[in-house]
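The following exchange concerns one molecular structure. Please consult the sequence and the coordinates alongside the text.

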Amino acid sequence: MNISDIIIHAREGVYATQLVIGLFGVYLLIVMFRQLSRKRFSSQAAASRFLDQVGEKLQQRDIDGVAELCDSPTYWSKAVPQLIVVALQNPHLSPAKLRRHLGETFEREVLADFDFRSSWIVTIVRAAPMLGLLGTVMALIAAFEKIATIQTQGTDPSALAGDIGHALLTTAFGLAIAIPLTLAGNLIHVRLGMLQNAVQHQLGTFLEMYEAAFRPAKGKSV
C-alpha cells in the first residue's frame, strides 16, 4: 500500500468523522430546543395564569395546594414551578438567602446542563472546519503524488481533478456543519437569555406574594 492509498483511506475517515460529529451536533440542538420548550411557559399569558393560581392559594395559605399545583402534569417540568417547590421546602430562610438559594439552584439544575451541551456545540463548530482542512491537505498531497508520476508512469492529468474535488468537498462539508450549528447555537443562547429573564421576573412575583402572605404573619406571632 503506497502513500496515495493511505491518504484515500484517511480521507474517507475524515468524511465519516464529519458525518458523526455533524449528527451529534444536530442531536444536541434538538435536545436543547426541547428542554427550552419544557422549561419555559408557552406564553406570558400562560405564566400569568399560573401565578394567579399560585397567588390565590397563597392568600389562603394553602402551601400544600401550591406544591400540588407545581407538581401537576401541566407545570412539573417548567423551571419556575420547580423553583417554587424548592422555596416551599425552605421556609426557614430569610428573603435574601432564599433568593440566593433559588438562583443557585436554577444555575445548578437548569443552566449547567445547557452550558455543558453548548460547550460541545462550540467544540463541533471549531472541529468541523479543521477536519475539512485536514481532508483538503490530504487531497492535495494525493494530487501532488500524481503530479510527480505524470511523466514517469504516464498518469492522466485529468485524474488530478478528482483529488482537487475531494479537497474542496471536505472543506465544504466542514463549513456546512459549522455554519448552521453556529446560527442555531446563537438562537439557543438568545432563547436561554429570554428564559433567564422570564424566570427572574416570574420568581420575583412569586416571592413578593409569598412574603406578603407569610412573613407578616410570622412577625406577628413572635
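Questions and answers on pockets, core and salt bridges follow.

User: What is the nature of the model, and how are residues numbered?

Analyst: Side-chain values use heavy atoms, with hydrogens and water left out, and residues are numbered from 1 along each chain as its sequence is written. Local features need pLDDT of at least 70, side-chain atom pairs count only at pLDDT 80 or more, and totals for chains, interfaces and linings use all residues, as this is a predicted model.

User: Which helix gives the most residues to the lining of the largest pocket?

Analyst: A pocket is an open set of points on a 1 Å grid over the protein atoms alone, where a 1.4 Å probe fits, with protein on both sides within 12 Å along at least five of seven lines; lining residues have an atom within 4 Å of a point. The largest pocket has a volume of about 280 Å³, a volume being the space filled by probe spheres set on points joined across faces, edges and corners. Of its 16 lining residues, Ser118, Val122, Gly185, Asn186 and His189 are the closest to the centre. Helices are DSSP runs (H or I, at least four residues) numbered from the N terminus, and the greatest contribution, nine residues, comes from H7.

User: How many residues does H7 give to the lining of the second largest pocket?

Analyst: The second largest pocket holds about 240 Å³ of space. Its lining includes Leu83, Arg99, Phe106 and Leu207. H7 again gives the most, and its number of residues is six.

User: Which element supplies the largest share of the largest nonpolar core?

Analyst: A nonpolar core is a set of buried (under 20% relative accessible area, 1.4 Å probe, protein chains only) Ala, Val, Leu, Ile, Met, Phe, Trp, Tyr and Cys residues joined through side-chain atoms within 4.5 Å. The largest has 52 residues, and those with the most contacts (heavy atoms within 4.5 Å) inside it are Phe50, Leu58, Ile84, Leu102 and Phe206. The largest share of this core, 14 residues, belongs to H7.

User: Is Arg117, which meets Asp113 in a salt bridge, buried or exposed?

Analyst: A salt bridge places a side-chain nitrogen of Lys or Arg within 4 Å of a carboxyl oxygen of Asp or Glu, and for Arg117 and Asp113 the N to O distance is 2.4 Å. Both residues lie in helix H5, four residues apart, about one turn of the helix. Asp113 is partly exposed (between 20% and 50%), at 25% relative accessible area. With a relative accessible area of 17%, Arg117 is buried.

Notes:
Helices (H or I, at least four residues) and strands (E, at least two) are DSSP runs, numbered from the N terminus.
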